[in-house]
Structures are given as C-alpha cells and as structure tokens.
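Student: I should like a close look at one part of this model, beginning with an aromatic residue and its surroundings and then following the chain outward. Please give distances and angles wherever they are available.

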Amino acid sequence: MWLRPGKTHTCIRICMLARFRMDERHRCVQLSVNPSRGLMDEKFVILVQNAPPDSELTVYALHQCEDGHGWDAFAHYISDATGRVNVSEDCSLGGTYSGIEPMGLLWSLRPVPGSQPGLRLRKKNVQEPMLVTVSVYEGHRKEGFAELVPLASALVERWYMSPGVRRIPVTKNGLTATLFLPPGPGPFPAIMDLWGGGGQLVEYRAALLASHGIAALTIDYLTPMITKETGEMVNLQYFETAYESLQEHPQILGSRIAMLGFSLGTTVTLRMAAYSEVMKLRCVVCISGSHVQPVDKDFEDPLKLIKNAAKIRINEENQEIYRDLVLPITSDPSKKVDVGRLQCPLLLIVGGDDMSWAAQEAANDEMMERAGNSHLLTILSYPEAGHLIEPPYTPHTRASKFRSASASVMVLWGGETLAHSRAQEDSWKKMLLFLRVNLFGGTRPGGMTISYL
C-alpha cells in the first residue's frame with residue numbers, strides 16, 4: 001500500500017526520532033575497568049553501565065604486542081534490567097570463554113583471526129606496560145570488530161614492574177643477567193630465575209617477583225654474551241658466579257637466596273641445589289621439569305637431550321611432542337639428580353597434560369621419600385595443565401613455534417585453556433606463599449602440604 005506524502009514524511013520523522021533516541025541511549029553507555037592500571041597478576045573489574053536493559057552486548061579485548069601481532073578475546077553478555085553488566089559477577093554466554101570469569105578477557109586472548117600459526121605472547125620490555133583496549137559492542141558479535149564502532153572503550157595498563165622496582169643489567173664476571181630490586185633500601189631476600197631451552201634473557205617473571213618484594217636475578221645461560229663470543233656453553237660455575245654476585249650485593253640478604261627453574265632450568269636448579277658446595281639455597285621452586293639428566297658431566301647443550309628422534313612423536317597437526325624422551329624415569333643413579341641430597345624445601349609445580357616434559361612422572365619418583373627428606377617436598381599437580389605454567393592471566397598457548405640454535409619447529413605444550421589458566425593463578429599464589437615462608441621466615445621451614453588439584 002502506497003502512503004500519501006504527508007504520511008510518508010510523518011513515518012520518516014518517527015523513524016528518525018526513534019533512531020535518534022536509540023543513538024542517544026548508546027552514546028550514554030559507559031565502560032569502566034578498575035583498576036585501569038595494575039600489576040599483571042592483579043584482578044580488575046570490568047563494568048558496563050547505562051546500556052539498553054536486557055540487551056545483547058559483546059565485551060571485547062584487543063592487545064597489540066611488541067612484535068606487531070594482534071591478540072583479542074571476546075565474551076557475550078545480557079545486560080540486566082538497569083542496563084548493567086559486571087564481568088566479575090555475570091555469566092558469559094559464549095565467546096573465547098564462558099561462565100563467570102573476571103579475568104577471562106586476559107587469559108583467553110588468542111592471535112586475531114588470520115594471524116600466522118605458532119605465536120606465543122611474551123612481554124619483552126618490562127619497563128613498559130601491556131596495553132589492552134577493552135570495548136563494548138551492541139549485539140553478540142563474533143568477528144569483524146575492526147569494522148565496528150564500539151559503544152564505549154577503555155584502555156587498561158598491566159605492569160610487570162610496580163612503581164619503585166629497579167632494573168639493573170648485570171654483565172660483571174661474564175654474566176648475562178638482569179637484577180630486579182624491590183622498592184626501598186632493603187636488604188631483600190633474593191631468587192635466581194632460570195627459564196627453559198629457548199634461551200635469551202627473559203625478564204617478566206623476575207620483574208613481577210620483585211614487585212612482590214623479592215629481589216630477582218634472571219639469567220641467560222644458553223645464549224649469553226660469553227657463549228656468543230667463544231662458541232662454548234657455560235659450565236656449572238657460571239651459576240655459582242651468579243649466586244655469589246647476589247651474596248655480595250649490599251641490598252641482598254646473602255643467607256636468604258632461592259632458585260627458580262622452569263623446564264630446562266629445572267634440571268640446572270636441582271643439580272645446583274643438590275651438588276654445589278658454593279650455593280646454599282634457602283629453598284627451590286621447579287616448574288614443568290625433571291631431575292633426569294647425566295650428572296657425571298658438566299652442563300651440556302640442551303639439544304643433546306632430544307637427540308633420540310625415535311622417542312619424538314609428531315601429531316596430525318605436525319606438532320612435536322617431547323614428553324617421552326625421559327620416559328620411563330630411569331633407575332640409574334648416574335642419569336638423574338640425587339634429590340635425596342637436598343637440604344632445603346623444594347616446591348614442584350607440574351601439569352598432568354604436559355606434552356613437552358614428563359614432569360608429572362618425574363615428580364612421582366620417590367627418591368626423597370626413600371632418602372628420608374620428603375618432609376621438604378611440596379608438589380602442586382594440575383591434571384589438565386600443560387607445560388607453559390606462567391604468571392596468572394598469561395594467555396594459554398597449547399602449541400607454538402620453538403626456535404633452537406639449529407631449527408624452528410612447532411611444539412605441542414599441552415593443557416586445556418580454562419584448567420591451565422586456573423593452574424597458573426593457583427600455583428602463582430602458592431609459590432609466592434612458599435617463597436615468603438622460606439625466605440622471610442625466621443627459621444628454616446620444611447615443605448608445605450602436598451596438593452593435588
């Protein structure tokens with residue numbers, strides 16, 4: 001039915017008025033993140049207000065990392081009768097995560113669609129924050145966010161270094177390391193931080209530990225300057241030199257030094273704790289590693305640990321699986337660290353779905369029990385966590401490219417995203433407690449209660 005001109009104009013005016021009112025409502029939408037500036041392991045609250053009541057909304061997070069790649073996450077919500085969504089209290093109906101997940105927009109970050117495969121998100125410059133733009137969109141969106149205009153946005157800063165933490169490069173005595181000192185005059189207890197087989201100087205965990213009051217020395221032991229100059233791997237004395245540099249520092253409590261190893265760093269940490277006559281560690285933390293290694297030789301190129309190609313599995317996605325390389329756990333004492341020699345508390349953090357290292361099986365080796373020092377042992381075991389157990393809210397990476405000295409391969413690390421993220425949050429809290437008890441306490445406490453989660 002055709003409308004007469006007068007009715008047509010009236011209809012257009014009504015439509016324009018309705019659209020104006022809708023646009024006005026949308027312009028009133030508010031988005032806040034509190035705190036908008038905080039540490040990486042600190043929770044925040046995302047609040048949407050003044051949205052249309054009972055409306056479909058998408059809350060979206062976007063991070064542009066230092067290597068230029070984009071990472072995003074999103075979740076679907078329904079505003080309440082007042083037009084409000086509280087991400088900490090309300091249930092996501094879908095997206096990169098579901099359910100009530102206050103920090104889901106961080107731990108579920110993934111490379112934006114179309115990115116090259118095998119990316120892993122790691123902070124390189126800890127003196128700058130990780131910037132995340134949080135936005136809210138009308139409707140339940142799944143893609144095309146770059147072409148959409150958000151109803152509201154907020155910029156979030158997540159820091160690994162709290163105000164007052166000092167970053168000090170260390171090159172003395174052939175070391176390639178960085179020392180992070182907490183705010184204040186000290187003296188502080190300290191920890192030596194060793195990462196895994198990828199090499200390089202990785203600083204973000206040490207910076208975060210210093211933000212919690214523990215001086216942290218992160219050490220490059222695979223690709224340090226001395227190795228680049230001579231072509232030779234460092235020896236075990238390299239780690240003793242690092243220990244002595246901490247002992248001698250005027251702002252370090254020389255009798256309260258711990259050691260933290262991840263992956264390959266675990267093999268070094270356990271070996272030094274058990275056999276070094278120089279290093280008298282207050283406590284030890286090992287994440288996703290094992291004590292299996294030849295102990296009758298000096299430190300060797302880690303690629304020799306994976307020379308047995310027959311034990312490397314490759315899945316349908318052409319991802320390499322290394323966990324079988326040290327299985328079954330040997331009974332030959334010359335091929336594993338005698339952890340029965342340990343005289344300081346040991347915390348083992350392991351993932352049951354670790355596809356890179358048989359950390360769970362190694363943790364179940366009963367050497368300490370047979371030696372009578374199992375009272376020093378604490379095990380945190382997470383059945384569905386993978387290999388890359390990192391600080392809280394670090395996005396889970398199930399597989400990524402791993403670059404060694406000779407090649408770049410795709411490696412399966414394992415883990416289910418939600419369970420892995422839960423493990424990161426829980427293990428970080430318990431690790432900090434373990435370190436505080438053993439580094440700040442007046443006595444030399446033993447291990448904590450063994451936990452299986």
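Tutor: At a relative accessibility of 7%, Trp107 counts as buried, and it should be said at once that the model is predicted. The label applies because buried stands for a relative accessible area under 20%. Trp107 takes part in a ring pair. If rings of Phe, Tyr and Trp are paired when their centres lie within 6.5 Å, the count for this model comes to 11 aromatic pairs. In one of them, the ring centres of Tyr97 and Trp107 are 5.9 Å apart and the planes meet at 50°, so this pair is classed as tilted. The pair links distant parts of the chain, 10 residues apart: Tyr97 belongs to the loop between strand S6 (85-86) and helix H2 (104-107), whereas Trp107 belongs to helix H2. Tyr97 is buried as well, with a relative accessible area of 4%.

A second tilted pair is formed by Trp195 and Tyr204, with centres 5.3 Å apart and planes at 50°. Trp195 is buried at a relative accessible area of 5%, and Tyr204 counts as buried at 2%. Trp195 has charged company too. The charged end of Arg205 sits over the ring of Trp195, 3.9 Å from its centre, and Arg122 lies over the face of Trp195 at 5.0 Å from the ring centre. Elsewhere, Tyr60, Phe74, Tyr137 and Phe145 form one aromatic cluster.

Returning to the surroundings of the first pair, we come to Ser108, in the loop between H2 and strand S7 (110-111). Ser108 is buried, with a relative accessible area of 6%. Its side chain reaches the backbone oxygen of Gly104 at 2.5 Å. Once residues up to four places away in sequence are set aside, Ser108 touches Asp72, Ala73, Thr96 and Tyr97. Tyr97 is therefore a partner of Trp107 in the tilted ring pair and a contact of Ser108.

The strand named above, S6, leads to a sheet. This is an open sheet of 3 strands in the order S1-S3-S6, with antiparallel pairing. Its edge strands, each pairing on one side only, are strand S1 (30-34) and S6. Strand S3 (residues 45-49) runs antiparallel to S6 and is joined to it by 2 bridges. Within this sheet, Leu47 stands opposite Asn86 in S6.

Another antiparallel arrangement is found in strand S10 (residues 166-170) and strand S11 (residues 177-181), which pair over 5 bridges. Arg167 has Phe180 in S11 as its bridge partner. The hairpin of S10 and S11 has 6 residues between the strands, and Asn173 takes a positive phi near 60° there.

Next comes a strand residue, Ile191, in strand S12 (residues 188-194). Ile191 counts as buried at 0% relative accessibility. Its C-alpha atom is 8.5 Å from that of Ala206, 15 residues apart along the chain. Not counting residues up to four places away in sequence, Ile191 touches ten residues that include Leu209, Ile214, Leu217, Leu246, Met259, Leu260 and Leu435.

Finally, there are the annotated positions. UniProt, in an unreviewed entry, lists Ser263, Asp354 and His387 under "active site". These residues are spread over 125 residues of sequence yet cluster in space, the largest C-alpha distance being 10.6 Å. Asp354 lies in the loop between strand S18 (346-351) and helix H7 (359-363), and His387 in the loop between strand S19 (377-382) and strand S20 (399-403). Asp354 is buried at 1% relative accessibility, and His387 is buried with a relative accessible area of 1%. Leaving aside neighbours within four places in sequence, Asp354 is in contact with residues including Ser288, Arg323, Ala385, His387 and Trp413. With that exclusion, the contacts of His387 include Phe262, Ser263, Ser288, Asp354, Trp413 and His420. Ser288 and Trp413 thus appear in the contacts of Asp354 and in those of His387. In addition, the side chain of His387 makes a polar contact with the side chain of Ser263, at 3.0 Å.

Notes: Residues are numbered from 1 along each chain as its sequence is written. This is a predicted model: local features need pLDDT of at least 70, side-chain atom pairs count only at pLDDT 80 or more; totals for chains, interfaces and linings use all residues. Side-chain values use heavy atoms; hydrogens and water are left out. UniProt positions are given in the numbering used here, feature names are shortened, and annotations may be inferred rather than shown by experiment. Helices (H or I, at least four residues) and strands (E, at least two) are DSSP runs, numbered from the N terminus. Buried means under 20% relative accessible area, exposed over 50%, partly exposed in between (1.4 Å probe, protein chains only). Contact means heavy atoms within 4.5 Å. A polar contact is a pair of N or O atoms within 3.5 Å; within protein, one must be able to donate a hydrogen and the other to accept it, and residues adjacent in sequence count only if both atoms are side-chain atoms. Rings of Phe, Tyr and Trp (its six-membered ring) pair if their centres lie within 6.5 Å; planes under 30 degrees apart count as stacked, over 60 as edge-to-face and the rest as tilted. A charge sits over a ring if NZ of Lys or CZ of Arg is within 6 Å of the ring centre and within 35 degrees of the ring normal. Two strands pair if DSSP finds at least two bridges between them.
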